[in-house]
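Open the model in your viewer and keep the selection tool at hand. This tour says what to select at each stop.

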Amino acid sequence: MLLRLFGSKLLSFQRSFTKMPLIPYSQLTPLSDPTEESKRLSAYKAVDENFPDTPKVIGIGSGSTVIYVAERIGQLDNKRDFICIPTGFQSKNLILDNGLLLGSIEQYPELDITFDGADEIDSNLNAIKGGGACLFQEKLVAYSSKKFVLVADHRKKSSDLGKKWIKGIPIEVVPSAYVYVENKLKEYGAETITLRQGGSAKAGPIITDNNNFLIDAHFGIVSNPRELHLKLKNTLGIVETGIFTDHAKRAYFGEKDGSVTFRTIEGDSVLEI
Ligand SMILES: O=C[C@H](O)[C@H](O)[C@H](O)COP(=O)(O)O
């Protein structure tokens, strides 16, 4: 009897041990770039604190902070026991490069948890996303997840959307509708409207993973993100916006001093820790 009890305790210890990351954060060599260190801090802590005990399907977001999420998940020794769902081309490569199992959202439409970055996060855990041209697939994966956790460096921590991220809200549009949408955005009072360009890598507008254009529209401080999102979504030609509301459960911020703070939903309120 005692032996059986000991055996089951040992088994549960082993089970919880296998989900532990292999390298404790304190043993890692600090990164030379402080912003990268902040990103890694937030990502590693978010994974360490939120990764499910018995993971089945995990969403991996896009951007430069999520690189560290995939890296941390790739350090787990049970990393071949669950499926990872990407939010775009970069994210797919992160999954493969870290030796994780790749699946599609069509095969696995229900996810345990998704980790993703953000361009700005307000005090109610609303976020602006899409600075790296990914937003539609990110939203699909986030909204299909039981839990959605954001990871970011301290520059993204804000009180209100539009206060720090002044490049504009990324809006994905059907290419032939971009002029129509630009005119509508003027009508809605956007302060700046930019059709995002491919830069030195491409002459002409950037093309998203879904073959659409992206418009960045700055509306100043957004007092009601949900309302603005719905108004934009109701406009012909707009596929999706980079305003993520009512979804994130927790956001981790890597701070300048090497600490990690977070905002988390507890009941009806957001706690700042
Ligand atoms: O389009 C990109 C995504 O929404 C990113 O998650 C967001 O731009 C944040 O990216 P980063 O972690 O590079 O700041």
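Start with the cysteines: the structure has 0 disulfides, a disulfide being a pair of cysteine sulfur atoms within 2.5 Å. This is a predicted model, in which local features need pLDDT of at least 70 and side-chain atom pairs pLDDT 80 or more, while totals for chains, interfaces and linings use all residues. Residues are numbered from 1 along each chain as its sequence is written, and side-chain values use heavy atoms, without hydrogens and water.

Select Cys84 and Cys134. Why is Cys84 not bonded to Cys134? The two sulfurs are 16 Å apart, which is too far for a bond. Cys84 is buried, at 0% relative accessible area; buried means under 20% (1.4 Å probe, protein chains only). Cys134 is buried too, at 12%.

Keep Cys134 selected and add Thr87, Phe136 and Asp209: these are among the residues lining the largest cavity. Its volume is about 40 Å³. A cavity here is a set of points on a 1 Å grid over the protein atoms alone where a 1.4 Å probe fits but cannot get out, and lining residues have an atom within 4 Å of a point. The volume is the space filled by probe spheres set on the points, which are joined across faces, edges and corners.

Next, select residues 34-50, helix α2. Helices are DSSP runs (H or I) of at least four residues, and strands (E) of at least two, numbered from the N terminus. Buried residues of α2 include Leu41, Tyr44 and Val47. The helix's buried residues pack against α3, β4, β7, β13 and β14, contact meaning heavy atoms within 4.5 Å.

Technical notes
Buried means under 20% relative accessible area, exposed over 50%, partly exposed in between (1.4 Å probe, protein chains only). The expected span of a helix is 1.5 Å times one less than its number of residues. On a 1 Å grid over the protein atoms alone, a cavity is a set of points where a 1.4 Å probe fits but cannot get out, and a pocket is an open set with protein on both sides within 12 Å along at least five of seven lines; lining residues have an atom within 4 Å of a point.
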